[in-house]
Structure formats: structure tokens, C-alpha cells
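Please open the model in a viewer and keep the selection tool at hand. The stops below are meant to be taken in order.

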Amino acid sequence: MIELKNISKSYSSEKVLSDFSVQFEEGISYCIMGSSGIGKTTLLNIMSGILKPDSGSITGLKDKKKSFIFQENRLIPWLTAYENITYVTNDGAEAEKSLKKAGIHSSKDKLPEQMSGGMQRRLAIARAAAASGDVFFIDEPLYGLDAKTEREILIYLKDIISGKTSFTVTHSPDDAYFIADKILFLNNSPVSSCIIKDKSSFNSPEELKNVGII
């Protein structure tokens, strides 16, 4: 069990999270949804340890290995695709496997700048997969991609996080409906509570919009 208890976070005079508490089951894919600017990424960054809360506690994550997929690819520009992956793992065989599963093995000797935006996104996800985290923290994984590439990468991402604990920030009901086991809805600002619903509560992505906070 992962638990956040009485988490608060402010930027200057603007409070984003206020005494926010929630519990998460392990081995579940969560999507975090809510209106723009409400604090989805702030919550994700606090959970991952990138950002410290002003107050409150988090339990259940301390000894977990973490994998990250940021909104930006954050690839190392002077390293090839293969080297970008072996930077996070010394296992060359695992790097080869990740490149193949991502469909970019033929470009393993290319630098990021020599790859298309979609290929770079695949590489960023392949790197996270190769890191073999216990928990995945994912922020808007399909940002800036065309529809065809989005679908291909979403299928790849779902395969990677299947059976693992993951937290994905997304604004897209379609994406959330495809990859989530449970969906966390943030409401009100500053955020002091949330609603968590099983995906099975909805018959279609359109029904997610009826929650009224997207």
C-alpha cells in the first residue's frame, strides 16, 4: 500500500495541495486527471520524490525502484539511442530488447537529433522500461504526437506498465480509458481530496467527461 497523508504544497502564495491524503494499491495502473493547472504534475512530482511537499508524509515508496517518463523526452543528445538506454542500465541485452519492443532497433546507433519526434518518444519510454522500475511515474506521455503515433506508443506503454504500479498524468479520457485500471480525479483548488474510480465504472471514454472536472 502506498499512502500520502496530509500533503500540502504551495508556490509562493498559491496553495496547490492542502492536507491531501490518499491511499493507492500496488500493481495497479492509475491515471491522474483534472482541469489544467489544478496540480496533477505537482502531485506526480511529489510522489516520485522530484519535489518535496511543504508538509505531510508518504509511505510505501521509499525502497521502490522508480522509472520516469517525463513530458519532455530528456534524452542525452550526445549519446546514441542504444547508449541512452545503457546509461540507465548496464544490461546490454535488456537495452537491445527494449529497442526491439519499441520498434526502433534499426536506429540504435542514431543520435536523438537524427530521429523523428515519435521515435524519440519511443526511445524515452524504452529507456524507462529498461530501467525496470517497480513504480512508473508518467507525465503526459503522448504530448505533441500525431494521432497514429499516439496510438502505437499508447499500446507500447500499456504493455510496459501492465501488472506494475504506475501513475500517469493525462488530460485525455481516451488515453486514460485505454491504459488505466483506476482513475483518480482531482477537484477544487487547492486540492484537498480526490475521487478514485475503477475503469469498469465507465462504459466509454466519453463517460469520464461526465465526472465534471476534466
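Select helix 5 in this predicted model and colour its buried residues: Thr 149, Ile 153, Leu 154, Tyr 156, Leu 157, Ile 160 and Ile 161. The helix covers residues 147-161. How far apart are its end C-alpha atoms? They are 21 Å apart, which agrees with the 21 Å that 15 residues should span at 1.5 Å a residue. Continue along the chain to Gly 163, just after helix 5, where phi is positive, at about 80°.

**The largest pocket**

Next, select the residues that line the largest pocket: Glu 94, Lys 97, Ser 98, Lys 101, Ala 129, Ser 132, Phe 136, Tyr 156, Asp 159, Ile 160 and Lys 164. Tyr 156 and Ile 160, both among the buried residues of helix 5, thus appear again in this lining. The space inside amounts to about 150 Å³. Which helix gives the largest share of the lining? Helix 3 does, with four residues. Helix 3 (92-101) and helix 5 each contribute at least two residues. Colouring by class will show five charged, four nonpolar and two polar residues.

Centre the view on Ser 98, one of the lining residues, which is located in helix 3. Is Ser 98 buried or exposed? Its relative accessibility is 4%, so Ser 98 counts as buried, the limit being under 20%. Now draw a distance from its C-alpha atom to that of Gln 114, which is 16 residues away along the chain; the separation is 19 Å.

**Helix 4**

Move to helix 4, residues 117-130. One of its residues, Ala 129, also belongs to the pocket lining. The helix is mostly covered, with twelve of its 14 residues buried. Selecting these will highlight Gly 118, Gln 120, Arg 121, Arg 122, Leu 123, Ala 124, Ile 125, Ala 126, Arg 127, Ala 128, Ala 129 and Ala 130. The buried set therefore includes three arginines by name: Arg 121, Arg 122 and Arg 127. The end C-alpha atoms of helix 4 lie 20 Å apart, in agreement with the 20 Å expected for 14 residues at 1.5 Å each.

**Aromatic rings**

Display the aromatic side chains throughout the model; the whole structure holds seven aromatic pairs. Begin with Tyr 30 and Phe 167, whose ring centres are 5.5 Å apart and whose planes meet at 10°, so the pair is stacked. Tyr 30 belongs to strand 3 (residues 29-33) and Phe 167 to strand 7 (residues 165-169), so this pair ties together parts that are 137 residues apart in sequence. Tyr 30 is buried at 2% relative accessible area, and Phe 167 is buried at 0%.

Keep Phe 167 selected and add Phe 137: these two also form a stacked pair, at 5.8 Å centre to centre and 20° between the planes. Phe 137 is in strand 6 (residues 135-139), so its pairing with Phe 167 in strand 7 joins parts that are 30 residues apart in sequence. Phe 137 is buried as well, with a relative accessible area of 2%. Then extend the selection to Phe 24, Phe 68 and Phe 70, which ring pairs link with Tyr 30, Phe 137 and Phe 167 into a cluster.

**Charges over rings**

For the final stop, select Lys 108 and Tyr 82: the charged end of Lys 108 sits over the ring of Tyr 82, 5.6 Å from its centre. The charged end of Lys 199 sits over the ring of Tyr 177, at 5.4 Å from the centre.

Technical notes:
Residues are numbered from 1 along each chain as its sequence is written. This is a predicted model: local features need pLDDT of at least 70, side-chain atom pairs count only at pLDDT 80 or more; totals for chains, interfaces and linings use all residues. Side-chain values use heavy atoms; hydrogens and water are left out. On a 1 Å grid over the protein atoms alone, a cavity is a set of points where a 1.4 Å probe fits but cannot get out, and a pocket is an open set with protein on both sides within 12 Å along at least five of seven lines; lining residues have an atom within 4 Å of a point. Grid points are joined across faces, edges and corners, and a volume is the space filled by probe spheres set on the points. Ala, Val, Leu, Ile, Met, Phe, Trp, Tyr, Cys and Pro count as nonpolar, Asp, Glu, Lys and Arg as charged, and the others, Gly among them, as polar. Rings of Phe, Tyr and Trp (its six-membered ring) pair if their centres lie within 6.5 Å; planes under 30 degrees apart count as stacked, over 60 as edge-to-face and the rest as tilted. Buried means under 20% relative accessible area, exposed over 50%, partly exposed in between (1.4 Å probe, protein chains only). A charge sits over a ring if NZ of Lys or CZ of Arg is within 6 Å of the ring centre and within 35 degrees of the ring normal. The expected span of a helix is 1.5 Å times one less than its number of residues.
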